[in-house]
Amino acid sequence: MRPSPEAFAQTAQVQNEILTSKREQVYTNLSAKLRGSVVTPASAEYEVVRRVYNGMIDRRPDAILRCADAADVRTAVNFARDKNLPVAVRGGGHNGAGLGTCDGGIVIDLSPMKGVLVDPVTNTIRAEAGCTQADVNYAAHDFGLAVPLGAISTTGIAGLTLGGGTGYLTRKYGLTLDNLLEANLVLADGECVTASASENPDLFWGIRGGGGNFGIVTSFLFRGCPVRQVYAGPMLWKIEHARELLQWYREISPVLPDELYGFFAFLKVPPGPPFPEELHGKTMCGIVWAYSGPVDELGNEFRFLREFRPPKFELMGLMPYPALQSMFDAMYPPGLQWYWRGDFLLQITDAAIDEHLKYGGQLPTFHSTMHLYPIDGAASRVGADETAFNYRDAKWSMVIVGVDPDPANAEKITTWTKEYWEALHPYSLGGAYVNFMMDEGIDRVRAAYRDNYNRLVELKRKFDPNNFFRINQNIAPNTRCN
Ligand SMILES: Cc1cc2nc3c(=O)[nH]c(=O)nc-3n(C[C@H](O)[C@H](O)[C@H](O)COP(=O)(O)OP(=O)(O)OC[C@H]3O[C@@H](n4cnc5c(N)ncnc54)[C@H](O)[C@@H]3O)c2cc1C
């Protein structure tokens, strides 16, 4: 006799419960081996801990292993490999494509690992891989030092450094990865190694741009750069002046002294102080400046910049570097919907400006924006084959960002971003900064590395031949280009 649908459903439920309780037992046993904790769907904090920064990403891992130290990371790697489970690695959880989480597998979460040690004798900063930019630069600032990091202080240093790291100090001190001296990693076989110019130099080459493809970094050693106060902030102009501003900006940005950095933006003005009421909600164009040179030369530098028409609004001032790094944090809290696309640029032609005016003038939502981040100066004085990060000839890294709190607008911001990107892509160098990519396929990953791609494939074959670390901008071991 065939079982009734009710009896069948009951049996399935019992089987499911047995499986779930077995799985829970496995994770309880694992948790006894960790100094950190294991969060599963049965844990009260699961719904919070499974979330990443991009609210568009909604994945449900089997378990999140919240590591307290390198030994925990090693235990987690060995566990996942033995059980043949997919693994996502999380630092700050800011990756736009949601590569810090997964469905079904486990997340090795380093965010509890936030130790920072500043050595004022050697001017170096050792930071554990769960640090955010704020964790590092607040600690370093007390010693008059900084690591060149990005524009929002809640971003994780791990994903940022391993992909590149561009920001206010790029023209003066290079990319974040140019200031990396050493990293400690756990490899796919559980071995713990150091990568530096003298130890495993091939691996050191690969992790400076190759992302999380080769292993899990547990700590970074950075060169501390002398920075205390910066003169910085935004200048905004009416959108009607965008063409003129972009034409001026493309000429002056590459010839400014290294300590003067300005990223171009299309933006909507926030509806509150310190912005004047008549500008609230208006679409404008602007440049966010950061001057990190001697304060007594400030007047000269900014006199030159003020030769362009006076801005409609500006908020410039002397401030500690960590204050600049967190200036825009409040506008971009975790949980918003994000869709972004990028490309590297050598030039900004008149035809490209036409497209910028068309799409940049029509920002679909209040938080949406387009930025042109300078990556010349010190970053361009490193050879294209000296690190895995290849685009040393580019002048800007462009990112088009559709953002909104409301999931109902996800399609609208995605469509705007894709259309804007498609219009601009023909004017680019062909590839994007890996940290500004969504899930765009292998050809885009290849384009992100150009001539360095095959060398990365060789490294992948050496350090992770089974592609254990594959939830990333993946460089699979069998994808050499001819
Ligand atoms: C609001 C915002 C502002 C940003 N601004 C900038 C900017 O100014 N400049 C810039 O360069 N980038 C910027 N980014 C992009 C940023 O560099 C990437 O999103 C980066 O992936 C974030 O790193 P994370 O550790 O927070 O990411 P996660 O989501 O935690 O991790 C991303 C990926 O990095 C890898 N990874 C993470 N930790 C490790 C580890 N310990 N070992 C090995 N692999 C690891 C994994 O492959 C993982 O999938 C910004 C992003 C956001 C959301």
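1. Let me start with Tyr261, whose contacts, meaning heavy atoms within 4.5 Å, are with Gly167, Tyr168, Arg171, Val288, Trp289, Ala290, Tyr373 and Pro374, leaving aside residues up to four places away in sequence. Tyr261 sits in strand β13 (residues 260-268); helices (H or I, at least four residues) and strands (E, at least two) are DSSP runs, numbered from the N terminus. Its relative accessibility is 1%, so Tyr261 counts as buried. Here buried means under 20% relative accessible area, exposed means over 50%, and partly exposed lies in between (1.4 Å probe, protein chains only). The C-alpha atoms of Tyr261 and Ile287 are 9.5 Å apart, with these positions 26 residues apart along the chain.

2. A word on the basis of these values. This is a predicted model, in which local features need pLDDT of at least 70 and side-chain atom pairs count only at pLDDT 80 or more, while totals for chains, interfaces and linings use all residues. Residues are numbered from 1 along each chain as its sequence is written, and side-chain values use heavy atoms, with hydrogens and water left out.

3. Now to Thr166, found in the loop between α5 and α6 (170-173). With a relative accessibility of 9%, Thr166 counts as buried. Beyond residues up to four places away in sequence, Thr166 touches Leu149, Gly150, Leu175, Tyr373, Ile375 and Tyr433. Tyr373 is also on the contact list of Tyr261.

4. On to the ligand, which you will probably want to inspect yourself. How many residues surround the ligand? There are 34, and the closest are Gly91, Gly93, Leu99, Ala151 and Tyr433; a residue is near a molecule or strand if one of its heavy atoms lies within 4 Å of it. By class, this shell has 17 nonpolar, 16 polar and 1 charged residues. In that scheme Ala, Val, Leu, Ile, Met, Phe, Trp, Tyr, Cys and Pro are nonpolar, Asp, Glu, Lys and Arg are charged, and the others, Gly among them, are polar.

5. Which backbone atoms come up in the polar contacts? The definition is a pair of N or O atoms within 3.5 Å; within protein, one must be able to donate a hydrogen and the other to accept it, and residues adjacent in sequence count only if both atoms are side-chain atoms. A backbone N or O atom of Gly92 is 3.0 Å from a ligand oxygen atom, and a polar backbone atom of Asn95 is also 3.0 Å from an oxygen atom of the ligand. For Val217, a polar backbone atom lies 2.9 Å from a nitrogen atom of the ligand. Taken alone, the ligand exposes 960 Å², and the protein buries 97% of that; these areas come from the Shrake-Rupley method with a 1.4 Å probe, and for residues only the protein chains shown count as cover. Two or more residues of the shell come from each of β3 (87-90), α5 (157-163), β10 (216-223) and β17 (337-345). Of the elements, α5 gives the most, with 4 residues.

6. Strand β17 deserves its own point. All 9 of its 9 residues are buried, so β17 is largely enclosed by the rest of the structure. On one side these are Gln337, Tyr339, Arg341, Asp343 and Leu345, and on the other Trp338, Trp340, Gly342 and Phe344. β17 runs antiparallel to strand β19 (residues 396-404), with 9 bridges joining them; two strands pair if DSSP finds at least two bridges between them. Asp343 has Met398 as its bridge partner in β19.

7. Compare strand β16 (residues 317-320), where the side chains alternate: Gly317 and Met319 point to one face and are buried, while Leu318 and Pro320 point to the other and are not. Strand β12 (residues 229-238) is joined to β16 by 4 bridges, and the two run antiparallel. Leu318 is the bridge partner of Tyr231.

8. Finally, some backbone geometry to check. Most residues other than glycine have a negative phi, and most peptide bonds are trans. Asn84, however, has a positive phi of about 60°; it lies in the loop between α3 (70-82) and β3 and is exposed, at 69% relative accessible area. Arg450 has a positive phi near 45°, sits in the loop between α13 (442-449) and α14 (453-463), and is partly exposed at 29%. A cis peptide bond, with omega about 10°, joins Pro273 and Pro274; Pro274 is in the loop between β13 and β14 (283-291).
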